[in-house]
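Please open the structure in your viewer and keep the selection tool handy. We will go from stop to stop together.

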Amino acid sequence: MKVAVLGSGAMGSLYGGTLAKSGCEVVLVDVWKDHVDTINRSGLTIEEALGGVQTISNIKAVLKASDVGVADLVIVFVKATATEQAMRDALALVGENTTVLTLQNGLGNAEKLCGVVSASHVVAGTTGHGATLLGPGKIRHAGAGDTVIGELDGKQSKRVDDLVALFEKAGMTSKFSTNVVGLIWTKLIVNVGINALTAITGLKNGRLVDFPETETLMKLVIDEACSVAEAKGITLEIHEIFEHVKNIAKKTEANRSSMLQDILAKRATEIAVINGAIADEGKKLGIPTPVNDVLTNLVLVRQKTYDDVC
Ligand code: NAD
């Protein structure tokens, strides 16, 4: 099985490195030259949060997809802001029988991929793993979780069964879902409840539930997102979603959310496809989402003023 990982930062390196360790042929595709050069020179180093470091050397990295050719599986792990462009630049990876899998956060990644490659190639899902980029060629695996994958139309398929088996063989707990849209929305609502609030306050995930102010805001953004999901006929995977998000915040208490990390590193965030997506979908449906609107605008302003001197 030839696997190409498109966007090989924290999560792409985690999945690529883990699959390479289990014997797959893996090529990491990334536009970051230092990272690519370091991996080709010294291997990919994965530090485990619970202790232990390993360097994976049977893995290759490239800057251009055309140097890889057609892959059996393309795992897309660029940030949601780069999905369309990255896939367009990597069409050389996709042949007649290639499966393109997105496990990214945010709304609309699968749809964007379907706009670039035929929808018949695309499968989607979510990941419960967490990872942080430490520097070129080095990541930290912050926490493990399930990988859940499904066809966009909810049907069972051999290719999804094969993917589940591939991840399980690599030691990553993995499941098949007939409700991939609900799954993506459930993960979206977790991100809606945590990411923008941590990005604005600078708090680590666990501290959001230490203050009535942030906990109240968390409930408000989640309630708005649930109203939008309900109006769209989405079946969420979890009923008590506010409790679920609070539990995740507590379970990942020491983590800085990816949006906070982006703000601290002065990078573009995924706000437009997280809280911004709830605001956009709400507008289309005539459902007010004032708290998501405010958080989206605050994060957008932070992004626009990285270079301002205060
Ligand atoms: P990251 O920023 O660490 O990695 C993204 C990589 O994509 C970078 O290395 C960047 O150089 C590369 N890239 C950008 N444009 C590209 C292009 N055109 N072609 C090829 N490569 C390109 O991001 P991440 O934290 O790994 O997150 C990836 C996705 O996974 C996001 O949607 C994120 O929300 C989601 N996610 C992250 C975590 C986490 O713990 N980090 C957990 C679950 C889901």
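This tour visits the ligand, then a pocket, then a cavity. Keep in mind as you go that this is a predicted model.

**Stop 1: the ligand and its shell**

Select the ligand and show the residues around it. You should find 23 of them, and the closest are Ala10, Met11, Asp30, Ala131 and Glu270. Colour this shell by class and you get 12 nonpolar, seven polar and four charged residues.

Now switch to the cartoon view. Helix H1 (10-21) and strand S9 (130-135) each bring at least two residues to the shell around the ligand. Which element gives the most to that shell? Strand S9 does, with three residues.

**Stop 2: polar contacts of the ligand**

Next, pick out the ligand's oxygen atoms and draw some distances. Start with alanine 131, where a polar backbone atom sits 2.9 Å from a ligand oxygen. Then turn to two side chains: asparagine 105 places a polar atom 3.0 Å from an oxygen of the ligand, and lysine 79 has a polar side-chain atom 3.3 Å from a ligand oxygen. If you add a surface, consider how much of the ligand the protein covers: 85% of the 830 Å² of accessible area that the ligand has on its own.

**Stop 3: the second largest pocket**

Move on to the second largest pocket, which holds about 240 Å³ of space. Its lining is made of 13 residues; select Leu107, Gly108, Ala110, Glu111 and Ile184 to see those closest to the centre. Helix H4 (109-114) and helix H6 (180-201) each provide at least two lining residues here, and H6 gives the most, with four. By class, the lining of this pocket splits into seven nonpolar, five polar and one charged.

**Stop 4: the cavity**

How many cavities of 30 Å³ or more does the structure hold? There is one, and the space in this largest cavity is about 30 Å³. To see its walls, select Gln104, Asn105, Gly106, Thr126, Ile184, Lys187, Leu188 and Asn191. Two of these names should be familiar: Asn105 from the ligand contacts and Ile184 from the pocket.

Helix H6 again has the largest share, with four residues of the cavity lining. The classes here are two nonpolar, five polar and one charged. Finally, colour by domain: domain 1 (2-178) and domain 2 (182-304) each contribute at least three residues to the lining of the largest cavity.

How values were computed: Residues are numbered from 1 along each chain as its sequence is written. This is a predicted model: local features need pLDDT of at least 70, side-chain atom pairs count only at pLDDT 80 or more; totals for chains, interfaces and linings use all residues. Side-chain values use heavy atoms; hydrogens and water are left out. A residue is near a molecule or strand if one of its heavy atoms lies within 4 Å of it. A polar contact is a pair of N or O atoms within 3.5 Å; within protein, one must be able to donate a hydrogen and the other to accept it, and residues adjacent in sequence count only if both atoms are side-chain atoms. Accessible areas come from the Shrake-Rupley method with a 1.4 Å probe; for residues, only the protein chains shown count as cover. Ala, Val, Leu, Ile, Met, Phe, Trp, Tyr, Cys and Pro count as nonpolar, Asp, Glu, Lys and Arg as charged, and the others, Gly among them, as polar. On a 1 Å grid over the protein atoms alone, a cavity is a set of points where a 1.4 Å probe fits but cannot get out, and a pocket is an open set with protein on both sides within 12 Å along at least five of seven lines; lining residues have an atom within 4 Å of a point. Grid points are joined across faces, edges and corners, and a volume is the space filled by probe spheres set on the points. Domain bounds come from an automatic or database domain assignment.
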